[in-house]
Amino acid sequence: MKLDVVLGLQWGDEGKGKIVDVLASRYQTVARFQGGPNAGHSLHFDGQSFVLRSVPSGIFRQDAKNIVGNGVVLDPITFRGECENIAEKTGIPVTKRIVIAKKAHLILPTHRLLDAANEAAMGKGKIGSTLKGIGPTYTDKISRHGLRVGDILAPDFADRYAKLQNRHMTLLNQMGFECDPHAEDADFMAAVEYLKQFELVDCEYYINDLLKDHDILAEGAQGSMLDVDYGSYPFVTSSTTSCSGACVGLGVNPHLVGHVYGIFKAYCTRVGSGPFPTELFDETGEEIRRIGHEFGAVTGRPRRCGWLDLVALKYAVMISGVTDLIMMKSDCLDTFETIKVCTSYIVDGKPSDQWPFDTYADIQPVYTEFKGWHTDLTHCRTEEELPAEFRDYIAFMEQYLGVPIKIISVGPDREATIMR
Ligand code: IMO
Ligand code: MG
């Protein structure tokens, strides 16, 4: 059977939560393969809303198993809070529906402090991190100092925790960052005890066994343009957000990858710093932010908004081998007179159709314009109901990107989804 992968293709917040929730009905197992509580996947159904951070989006489906994979960085404190909130509001037996990879790395409270210290030290050049400790935890993983979920079962776990914490305290001292590194020790240890209620697994064996029986959906967090290798470095997150991250992060070989679903919004947003060629600083940008409710699900920050960037999108499609495109929030453009999409750039004065190496280059977007459709798309449920102007716009994108748009979302609810 196959590992289908669902990815964000922009700078995060493409609407992954809703789509994984819609797709989850087709899968018995959903797995997260990278990232951590920097993610905020919003789901809306039956009049309720949830923002999932580390919990896979299959949690609300009765018979689905959810895997927190090797490539994830897990913060026991926020994870516990998230799980208890879901259990309280829904009665879902969360500890039975989620298994956690022993090889996933642990985010310590001092990783979060280091994140804050790093950002403070960078001043104006800061990344705009969500301050969840993501960068410092992956740094410790790669530099071979990290603690993993499976370590919590070791008799000397408390000593190992203290050792890593000491290391962090030295760094925090060197940076002159004032804080109480022990403030959350008790919470952390209590949350570690809570983690022991979950089945802790050798994810690579566990998932390959399940793949003998059924297809699995791998749920990405963040987006391709935040990929540590191929995104707008250094304004990226610290993991592989593109398709190959699913193989590494779950221990599944590339031959087993099936569909690669790539999610994008009908426009672009970005939180935090870094290049954003189509960013709008005018009323149109504000209108998009207002209509799309573009405020961070994790941090509440207003998101930067702009027109769709097909150059960046095509780049993301190439890196991940996207087979099926999914377009979100089309309805947010219902009222615009003219819709623009960026089809090439002028980079430092020269025409280009590629995402540039130089993060600090001057990138001017070149737009193709479309006539607005002036129709409320939120009521459309079939292809035939979609206005002609909108269909032209979709056809143009498919032509440009060379991949079919298989799902069009026309509203936040599960039902507001057109399958093509
Ligand atoms: P979801 O899964 C949007 C951004 C941050 C910052 C940069 C690095 O909801 O799409 P980090 O906390 O990883 O050190 O931040 O990446 N970022 C996101 N932006 N959606 C996300 O997740 C993000 N996770 C991180 O704003 O610019
Ligand atoms: Mg988000």
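This report describes the ligand sites, one buried side chain, and the pockets and cavities of a predicted model.

**The magnesium ion**

In this model, the magnesium ion (ligand 2) is coordinated through the OD of Asp13 and the O of Gly40, at 1.9 to 2.8 Å. Asp13 lies in the loop between β1 (3-8) and α1 (16-24), and Gly40 lies in the loop between β2 (29-32) and β3 (41-45), so the pair ties together parts that are 27 residues apart in sequence. The two residues also fall into separate classes of accessibility. Asp13 has a relative accessibility of 25% and counts as partly exposed. Gly40 has a relative accessibility of 12% and counts as buried, because buried means under 20% relative accessible area.

**Surroundings of ligand 1**

Around ligand 1 there are 20 residues, of which Asp13, Lys16, Thr130, Gln222 and Thr237 come nearest. Asp13 therefore has a place in two descriptions: as one of the residues nearest ligand 1 and as a residue that coordinates the magnesium ion. Polar atoms of the protein also lie beside oxygen atoms of ligand 1, as the table sets out.

| Residue | Part of the residue with the polar atom | Distance to an oxygen atom of ligand 1 |
|---|---|---|
| Asn38 | side chain | 2.9 Å |
| His41 | side chain | 2.9 Å |
| Ile127 | backbone | 3.4 Å |

**Glu14 and its contacts**

Glu14 is found in the loop between β1 and α1, the loop that also holds Asp13. With a relative accessible area of 1%, Glu14 is buried. Which side chain does the side chain of Glu14 meet in a polar contact? The partner is the side chain of Lys16, at 2.7 Å. Lys16 is also one of the residues that come nearest to ligand 1. In addition, a polar atom of the Glu14 side chain lies 3.4 Å from the backbone nitrogen of Leu9.

**The second largest pocket**

The second largest pocket has a volume of about 490 Å³. It is lined by 25 residues, and those closest to its centre are Gly135, Tyr138, Thr139, Ile142 and Ser238. Four elements, α4 (109-122), α5 (134-142), α6 (157-174) and α9 (244-250), each give two or more residues to this lining. The largest share comes from α5, with 7 residues. By class, the lining of the second largest pocket comprises 8 nonpolar, 14 polar and 3 charged residues.

**Cavities**

How many cavities of 30 Å³ or more does the structure hold? There are 2. The largest cavity has a volume of about 40 Å³. Its lining is formed by Ser224, Met225, Asp227, Tyr230, Ser242, Tyr315, Ala316, Ile319 and Ser320. These residues divide into 5 nonpolar, 3 polar and 1 charged.

The second largest cavity holds about 30 Å³ of space. Leu9, Gln10, Trp11, Met225, Cys268, Asp309, Ala312 and Leu313 line this cavity, and by class they are 6 nonpolar, 1 polar and 1 charged. Met225 appears in the lining of the largest cavity and again in that of the second largest cavity. Leu9, part of the lining of the second largest cavity, is also the residue whose backbone nitrogen lies 3.4 Å from a polar atom of the Glu14 side chain.

How values were computed
Residues numbered from 1 in each chain as written. Chains lettered and ligands numbered in written order. Predicted model: local features only at pLDDT ≥ 70, side-chain atom pairs only at ≥ 80, totals over all residues. Heavy atoms only, no water. Donors = N, O, S within 2.8 Å, 3.2 Å for Na, K, Ca; no water. Buried < 20%, exposed > 50% of the residue type's maximum accessible area, 1.4 Å probe, protein only. 1 Å grid on protein atoms, 1.4 Å probe; cavity = no way out; pocket = protein on both sides within 12 Å on 5 of 7 lines; lining within 4 Å. Points joined across faces, edges and corners; volume = space filled by probe spheres on them. Nonpolar A, V, L, I, M, F, W, Y, C, P; charged D, E, K, R; others polar. Near = heavy atom within 4 Å. Polar contact = N/O pair within 3.5 Å; in protein donor to acceptor, adjacent residues only side chain to side chain.
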